[in-house]
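Reader: I am new to this structure. Please show me how to read its features, one by one.

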Amino acid sequence: MKLTWKEKVSYGLGAVGKDMVYMLSASYVLYYYQDILGVSAIAMGMILMAARVFDAFNDPVMGVLVAKTRTRFGKFRPWLLIGTLLNSVVLYLLFTAPPALDGNGLVVYAAVIYILWGVTYTMMDIPYWSMIPAFTQGGRERENLSTLARSCAGVGSAVITVITMLCVNWLGQGNERVGFQFFSLIIAILFSVFILITCLAIREKSTVDVEAPSVGQMFKALVQNDQAMTVVIAIVLINSSIYITSNLVIYYFKYDFGGMDWLSSYTLFNVFGGAVQILSMMLLFPLLRRFMSSIKVFYVSFGMAIAGYATLLCLMFINLQGVYMLFIPAFFIFAANGILNVLTTVFLANTVDYGELKNDRRDESMIFSMQTFVVKLASGAAALVASLALSLCNISRDTESDVPVAGGNVVGLRMTMTLIPIVGLLVAVFYFHKKYLLSEQKVEEIAAQVRERRERQ
């Protein structure tokens with residue numbers, strides 16, 4: 001049975017809320033603790049990276065728990081709802097550090113709450129994405145739903161990118177600490193409402209009931225799924241590259257681009273970029289798919305992103321009089337990011353059928369737990385690189401925002417934002433081209449073989 005309009009809209013709405021929460025944490029937790037509260041950039045970088053190491057153990061365990069779940073509401077929805085409610089509470093606490101804390105106490109608080117945020121986010125993110133192969137039949141239906149979900153996720157990310165600093169300044173009346181507290185509360189409430197709608201509307205259709213595996217069996221199955229490993233490694237490289245820029249772009253506008261009106265320039269840049277990212281997923285991606293395969297679109301997107309970063313690097317070394325010239329690289333980078341987010345989810349979903357055919361078991365929870373882990377790993381690695389750059393460039397809350405920082409420090413910030421992402425993207429595209437085998441024709445063949453095997457059983 002094909003997906004209904006209600007199911008598609010409800011699932012997409014959940015993606016909006018989910019990525020609003022993720023983008024708020026991924027893009028602003030370093031800024032909140034380092035630039036507003038005064039925690040050392042190095043300390044924050046170590047905390048964010050240590051949390052990802054913890055996730056290496058937590059995420060696969062969560063995948064096993066999801067796989068073992070058997071309720072009348074299905075295996076995914078109970079975890080999706082519980083994880084969302086818990087994550088909403090922790091998100092609020094993450095951006096509501098007690099005023100009495102400072103020094104080591106603030107570092108400990110940040111470490112504990114951020115790890116809890118990662119645990120509860122995993123609790124709902126794995127079942128959310130695992131539902132794609134669980135209630136689609138593969139092929140174009142799966143790709144279309146993945147496109148819709150990623151487009152909606154892009155909307156959520158773009159909304160946070162566009163409105164966060166505006167809302168923080170308005171809600172806090174110029175006090176960013178208070179502003180983040182109220183803003184995180186609003187986002188947490190919206191997140192819970194959106195996921196509740198998803199849980200009420202979605203029903204599992206095609207999940208195959210198999211004996212729940214042990215952690216060891218799940219790791220073995222994942223390692224044996226070479227295509228899943230190829231996709232998750234590509235995701236790490238892509239997201240790490242892009243997150244480095246997203247972590248540092250606010251510092252570029254505040255301390256390099258400079259000026260008293262840096263916030264308006266930063267907001268305008270993000271409004272443009274967010275709109276481009278949304279339109280790229282909703283319009284540009286479907287347009288390109290009419291003329292080329294999904295894999296070719298993937299390579300085109302890499303070319304766009306690399307060209308955008310190269311252009312951004314060049315523009316940073318000329319005397320810019322306004323923000324509008326930065327729209328040129330922003331178009332290519334944001335558009336590529338939107339399309340790559342859609343396609344990596346499609347490619348990862350395709351590896352579920354591949355793994356079932358190869359290993360004789362359907363491991364959607366483990367495969368999508370890897371997506372959850374690697375996306376968070378990428379954000380942690382990017383935050384560590386960004387924090388090291390801030391420390392080496394002597395950029396902190398004590399730096400005057402209306403006075404550009406020293407020349408050598410400016411160069412370091414600019415190079416980190418552009419050259420490192422270019423290298424990461426080049427490695428990702430060459431690795432993917434060499435290892436990924438699941439063309440559209442191959443995916444259809446595998447889906448047909450899986451259906452035949454089920455019918456014989």
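Reader: Is Tyr243 buried or exposed?

Author: Keep in mind that this is a predicted model. Under 20% relative accessible area a residue counts as buried. Tyr243 has a relative accessibility of 11%, so Tyr243 counts as buried.

Reader: Which residue forms an aromatic pair with Tyr243?

Author: A pair of aromatic rings is described by the distance of the centres and the angle of the planes. The structure holds 29 aromatic pairs. In one of them, Tyr22 pairs with Tyr243. Their centres are 6.1 Å apart, and the planes make 45 degrees. That makes the pair tilted.

Reader: Where do Tyr22 and Tyr243 lie?

Author: Tyr22 is in helix H1, residues 5-36, and Tyr243 is in helix H8, residues 226-257. The two are 221 residues apart in sequence, so the pair ties together distant parts. Tyr22 has a relative accessible area of 4%, so Tyr22 is buried.

Reader: What kind of pair do Tyr32 and Phe95 form?

Author: Look at the angle. Planes over 60 degrees apart count as edge-to-face. The planes of Tyr32 and Phe95 are at 65 degrees, so this pair is edge-to-face. The ring centres are 5.2 Å apart. Again, distant parts of the chain are linked. Tyr32 sits in helix H1, while Phe95 sits in the loop between helix H3 (77-94) and helix H4 (103-134). In sequence they are 63 residues apart. Tyr32 is buried at 0%, and Phe95 is buried at 0% too.

Reader: Which residues do ring pairs link into a cluster?

Author: Ring pairs can join up. Here the cluster holds Tyr252, Phe253, Trp262, Tyr266, Phe269 and Phe334.

Reader: What lies over the face of Phe317?

Author: Arg414 does, at 5.0 Å from the ring centre.

Reader: Now the overall fold. How many helices and strands are in the chain?

Author: The chain has 14 helices and zero strands. Reading from the N terminus, each element in turn is α.

Reader: What share of the residues count as buried?

Author: Of 457 residues, 59% count as buried. The chain exposes about 17900 Å², and 67% of that comes from carbon and sulfur atoms. Contacts tell another part of the story. Take those between residues at least 6 apart in sequence: 85% of them join residues at least 24 apart.

Reader: Which residues does Lys18 touch?

Author: Start with its place. Lys18 lies in helix H1. Its relative accessibility is 2%, so Lys18 counts as buried. Setting aside residues up to four places away in sequence, Lys18 touches Tyr121, Met124, Asp125, Tyr128, Trp129 and Phe191.

Reader: How far apart are Ala158 and Phe272?

Author: There are two answers, one for sequence and one for space. In sequence, Ala158 and Phe272 are 114 residues apart. In space, their C-alpha atoms are 9.6 Å apart. Ala158 belongs to helix H5, residues 139-171, and is buried at 4% relative accessible area. Beyond neighbours within four places in sequence, Ala158 is in contact with Gly274 and Ile278.

Reader: What is the phi of Gln173?

Author: Most residues other than glycine have a negative phi. Gln173 has a positive value, near 50 degrees. Gln173 lies in the loop between H5 and helix H6 (176-201). At 66% relative accessibility, Gln173 is exposed.

Reader: How many disulfides does the structure hold?

Author: Zero. Two cysteines can still be read for burial. Cys152 is buried, at 12% relative accessibility, whereas Cys314 is exposed, at 54% relative accessible area.

Reader: Which elements have the lowest and the highest mean pLDDT?

Author: pLDDT is the predictor's confidence in each residue. The chain averages 83, and 86% of the residues score at least 70. Among the elements, helix H7 (residues 215-224) has the lowest mean, 64, and H6 the highest, 95.

Reader: Where does pLDDT stay under 50?

Author: One such stretch is residues 207-213. The model gives this stretch 19 contacts beyond four places in sequence. Residues 399-403 are also below 50, with twelve contacts in the model beyond near neighbours in sequence.

How values were computed
Residues numbered from 1 in each chain as written. Predicted model: local features only at pLDDT ≥ 70, side-chain atom pairs only at ≥ 80, totals over all residues. Heavy atoms only, no water. Phe/Tyr/Trp six-rings, centres within 6.5 Å; stacked < 30°, edge-to-face > 60°. Helix = DSSP H or I, 4+ residues; strand = E, 2+ residues; numbered from the N terminus. Buried < 20%, exposed > 50% of the residue type's maximum accessible area, 1.4 Å probe, protein only. Lys NZ or Arg CZ within 6 Å of the ring centre and 35° of its normal. Disulfide = S-S within 2.5 Å. Contact = heavy atoms within 4.5 Å. Areas by Shrake-Rupley, 256 points an atom, 1.4 Å probe, with all protein chains shown as cover. pLDDT = per-residue confidence, 0-100.
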